[in-house]
Amino acid sequence: MKLDRYDRRILEELQRDGRISNQDLADRIGLTPSPCLRRVRTLEEAGIIRGYTALLDAQALGLNLTAILSISMDKHTPERFERFNAAISAIPEVLECLLITGRDADYQLKVVVRDMDAYQDLLLNKITRIEGVTGVHSSFVLRRVVERPNLPLG
């Protein structure tokens, strides 16, 4: 789907405020409400807008420890990766899982937990018990320098 300036403006505004009313959105981008709503629905149907969500503060919820894990697998077969993908997807502490190249690891995970005890439990009782995991290297986040939920549309 080719995006024009109105589509890009709609996406920018919705990334800024997913709860904006259609009237306010239309006013901000310079369209009347009806064509604005049609464009939003078209963007949703095309899969460009995948959904709407609230951004939560992890620390306010007591989730004070963020870790980046590099995971190595024993075999590089589609079946092994499928099983790992299914198992890791079922762990709610995993915020992101990426299949990667260019390093000794096969996967990179971003996880969030209460504290080091919760991390130890996650690591020893869930992640390392997944069939095929042969190595885990953990790095702990000291401070978030940049954290963007919005995609660049320029």
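Tutor: Welcome! Contact here means heavy atoms within 4.5 Å. We will use that idea on the model above, which is a predicted one.

Student: Which elements do the buried residues of α5 pack against?

Tutor: Let's start with the helix itself, which runs over residues 116-127. The buried residues of α5 are Ala118, Tyr119, Leu122, Leu123 and Ile127. Their partners, found by contact, are β1 (65-73), α4 (78-89), β3 (107-113) and β4 (133-140).

Student: Why do the buried residues of α5 count as being on the same side, and what arc do they cover?

Tutor: A general rule helps here: an α-helix has 3.6 residues a turn, so residues three or four places apart point the same way. In α5, the buried set is Ala118, Tyr119, Leu122, Leu123 and Ile127. They lie on the same side of α5 because the arc they cover around the axis is only 135 degrees.

Student: Which residue caps the N-terminal end of α5?

Tutor: Look for a side-chain oxygen that reaches a backbone nitrogen at that end of the helix. The backbone nitrogen belongs to Asp117, and the oxygen lies 3.2 Å from it. The residue that supplies this oxygen is Asp115.

Student: What kind of aromatic pair do Phe81 and Tyr107 form?

Tutor: A search of the whole structure turns up three aromatic pairs. For Phe81 and Tyr107, the ring centres are 5.7 Å apart and the planes make an angle of 75 degrees. Planes over 60 degrees apart fall in one class, so this pair is edge-to-face.

Student: How many residues apart are Phe81 and Tyr107 along the chain?

Tutor: Phe81 sits in helix α4, while Tyr107 is in strand β3. The pair therefore links distant parts of the chain, with Phe81 and Tyr107 joined to Phe84 in a cluster of ring pairs. The separation of Phe81 and Tyr107 is 26 residues.

Student: Is Phe81 buried or exposed?

Tutor: The cut-off for buried is under 20% relative accessible area. Tyr107 meets that cut-off at 1%. Phe81 has a relative accessible area of 16%, so Phe81 is buried.

Student: Which side chains make polar contacts with the side chain of Arg80?

Tutor: Arg80 is in helix α4 and counts as buried because its relative accessibility is 6%. Leaving aside neighbours within four places in sequence, Arg80 is in contact with Met73, Asp74, Lys75, Glu131 and Gly132. Two of these offer side chains for polar contacts, each at 2.9 Å: Asp74 and Glu131.

Student: How far apart in space are Arg8 and Leu153?

Tutor: Arg8 belongs to helix α1 (residues 5-16). In sequence, Arg8 and Leu153 are 145 residues apart, yet Arg8 touches Leu153, as well as Leu3. From C-alpha to C-alpha, the distance between Arg8 and Leu153 is 6.6 Å.

Student: Over which ring does the charged end of Arg5 sit?

Tutor: Follow the Arg5 side chain to its charged end. That end is 4.4 Å from the centre of a ring. The ring belongs to Tyr6.

Student: How many disulfides are there?

Tutor: A disulfide is a covalent bond between the sulfur atoms of two cysteines. To be counted, a pair of cysteine sulfur atoms must be within 2.5 Å. By this rule, the number of disulfides is zero.

Definitions and conventions
Residues numbered from 1 in each chain as written. Predicted model: local features only at pLDDT ≥ 70, side-chain atom pairs only at ≥ 80, totals over all residues. Heavy atoms only, no water. Buried < 20%, exposed > 50% of the residue type's maximum accessible area, 1.4 Å probe, protein only. Helix = DSSP H or I, 4+ residues; strand = E, 2+ residues; numbered from the N terminus. Arc of directions from axis to C-beta. Polar contact = N/O pair within 3.5 Å; in protein donor to acceptor, adjacent residues only side chain to side chain. Phe/Tyr/Trp six-rings, centres within 6.5 Å; stacked < 30°, edge-to-face > 60°. Lys NZ or Arg CZ within 6 Å of the ring centre and 35° of its normal.
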